[in-house]
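Dear colleague,

I am passing on the structure that follows, together with an account of what was found in it. Please read the notes beside the coordinates, since they go through the chain piece by piece.

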Amino acid sequence: MTDVGFIGLGIMGRPMAGHLIGGGHRVHLHSRSGVPAELTDKGGIPCASPREVAAKSEITFTMVPDTPDVEAVLFGEDGVAAGLGAGKIVVDMSSISPLATKDFARRVNGLGADYLDAPVSGGEVGAKAGTLTIMVGGPEAAFARVKPLFELMGKNITLVGGNGDGQTTKVANQMIVAVTIQAVAEALVLAAKAGADPAKVRAALMGGFASSRILEVHGERMVKRTFAPGFRIELHQKDLGLALASARALGVHMPATASAQQLMNTCEAIGGKGWDHSALVRAVEVASGFEIGAGA
């Protein structure tokens, strides 16, 4: 049994922490909104602050929305840093800035602890099923210690490189996902406006080289108009913002990513920041003056 901490118990963090408890570990918990009863009923231990979580844990996980949230949890008043010491490990599973991650790692290392950045892909479904893809940056020895815990939460677990490389990999993932959603959206709107049945077009494409998980899942959402979030537009906007900031810093040309971000900005402008990211199709429809299904 390992003393583990988990901070951030939202849509993703709650089931992830639940898997750690289910794995037989003593899990110390903290969240701004309080610790859910479903976790304490399973044996989770509520803590009053991130400092208390870190003080009681060998390995502390964080899963919060954005870069400033991670910084506040780690280094704010009663933050994780105040509870760290030699031999402890901080594992940030949020999706945040790769550049800030390197700075956070240096600051944590200065306290004698190790740092892993370990963002995930797979959404709420993957978090609940324990099948997340986990992209890790940091020292190999720390990764080896934490890997059995990662295996309770995910299936595809890769040590990519040093600190910041996990976050860079997640940024790349979000770029590919966004651009593919855009391509599926444009294709289905074009097909529907041309008079074809978009559901049948999608089914036909699933048997060819254009087949993808996004065409399968998000294409179906577009056709059926089911935009309740698995992953919200506003969170994908944040991730693409990180990608574009990195592109500016490194001098990399990323026109497709910029286009996808603009379409997500359009969704926000028409009240859709809380929609699932498959609803990017709504921006294409608005610009085209035509909705999928309008010709049915």
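Which residues does Thr-257 touch, not counting residues up to four places away in sequence? Please keep in mind throughout that this is a predicted model. Thr-257, which has its place in helix α12, touches Met-175, Val-179, Leu-240, Ala-243 and Leu-244 once those sequence neighbours are set aside. Because its relative accessibility is 4%, below the 20% under which a residue is called buried, Thr-257 counts as buried.

Helix α12 (255–269) also appears in the surroundings of helix α13, where the cover over the buried residues of α13 includes α8 (165–193), α10 (213–224), α11 (233–250) and α12. The buried residues of α13, which spans residues 280–288, are Leu-280, Val-281, Arg-282, Ala-283, Val-284 and Glu-285, so that list holds charged side chains as well as nonpolar ones. Just after α13, Gly-289 takes a positive phi of about 65 degrees.

Turning to the nonpolar cores, the largest one has 31 residues, and those with the most contacts inside it are Phe-6, Met-16, Phe-61, Val-91, Met-93 and Phe-150. Two or more residues of this core come from each of β1 (3–7), α1 (13–22), β2 (26–30), β4 (59–62), β5 (89–92), β8 (132–137) and α7 (140–153), and the largest share, six residues, comes from α7. Phe-150, leaving aside its neighbours within four places in sequence, is in contact with Phe-61, Val-91, Met-93, Leu-116, Ala-118, Ile-134, Val-136, Phe-143 and Ile-157. Apart from the largest core lies another, of 25 residues, among them Ile-181, Ile-233, Met-264 and Ala-283. In soluble globular proteins, nonpolar side chains tend to be buried together.

Next comes a pocket. The second largest pocket has a volume of about 270 Å³ and is lined by 14 residues, of which Pro-98, Thr-168, Ser-246, Ala-247 and Leu-250 lie nearest its centre. At least two residues of this lining are supplied by each of α5 (98–109), α8 and α11, with α11 giving the most, namely five residues. Sorted by class, the lining of this pocket has 11 nonpolar, two polar and one charged residues.

Where does Glu-58 lie, and which residues does it touch beyond its sequence neighbours? Glu-58 lies in the loop between α3 (50–56) and β4, and, not counting residues up to four places away in sequence, it touches Thr-2, Asp-3, Lys-88, Ile-89 and Arg-145. Glu-58 is partly exposed, with a relative accessible area of 35%. Glu-58 and Ala-86 are 28 residues apart in sequence, while their C-alpha atoms are 9.8 Å apart in space.

Asp-3, one of the residues that Glu-58 touches, also takes part in a salt bridge with Arg-26, the closest N and O atoms being 2.7 Å apart. This pair links distant parts of the chain, with Arg-26 in strand β2 and Asp-3 in strand β1, 23 residues apart. The two partners fall into separate accessibility classes, since Arg-26 is partly exposed at a relative accessible area of 35%, whereas Asp-3, at 17% relative accessibility, counts as buried.

In total, the count comes to 18 salt bridges. The side chains of Arg-107 and Glu-71 meet in another of them, at 3.4 Å from N to O; Arg-107 lies in helix α5 and Glu-71 in helix α4 (residues 67–75), so this pair ties together parts that are 36 residues apart in sequence. Arg-107 counts as partly exposed at 34% relative accessibility, and Glu-71 counts as partly exposed at 35%.

A salt bridge within one helix is formed by the side chains of Glu-220 and Lys-224, at 3.1 Å from N to O, and because they are four residues apart in helix α10, they are separated by about one helical turn. Glu-220 counts as partly exposed at 34% relative accessibility, while Lys-224 is exposed, with a relative accessible area of 55%. Elsewhere, salt bridges that share partners join Glu-71, Asp-103, Arg-106 and Arg-107 into one network.

With best regards

Conventions: Residues are numbered from 1 along each chain as its sequence is written. This is a predicted model: local features need pLDDT of at least 70, side-chain atom pairs count only at pLDDT 80 or more; totals for chains, interfaces and linings use all residues. Side-chain values use heavy atoms; hydrogens and water are left out. Buried means under 20% relative accessible area, exposed over 50%, partly exposed in between (1.4 Å probe, protein chains only). Contact means heavy atoms within 4.5 Å. A nonpolar core is a set of buried Ala, Val, Leu, Ile, Met, Phe, Trp, Tyr and Cys residues joined through side-chain atoms within 4.5 Å. On a 1 Å grid over the protein atoms alone, a cavity is a set of points where a 1.4 Å probe fits but cannot get out, and a pocket is an open set with protein on both sides within 12 Å along at least five of seven lines; lining residues have an atom within 4 Å of a point. Grid points are joined across faces, edges and corners, and a volume is the space filled by probe spheres set on the points. A salt bridge is a side-chain nitrogen of Lys or Arg within 4 Å of a carboxyl oxygen of Asp or Glu.
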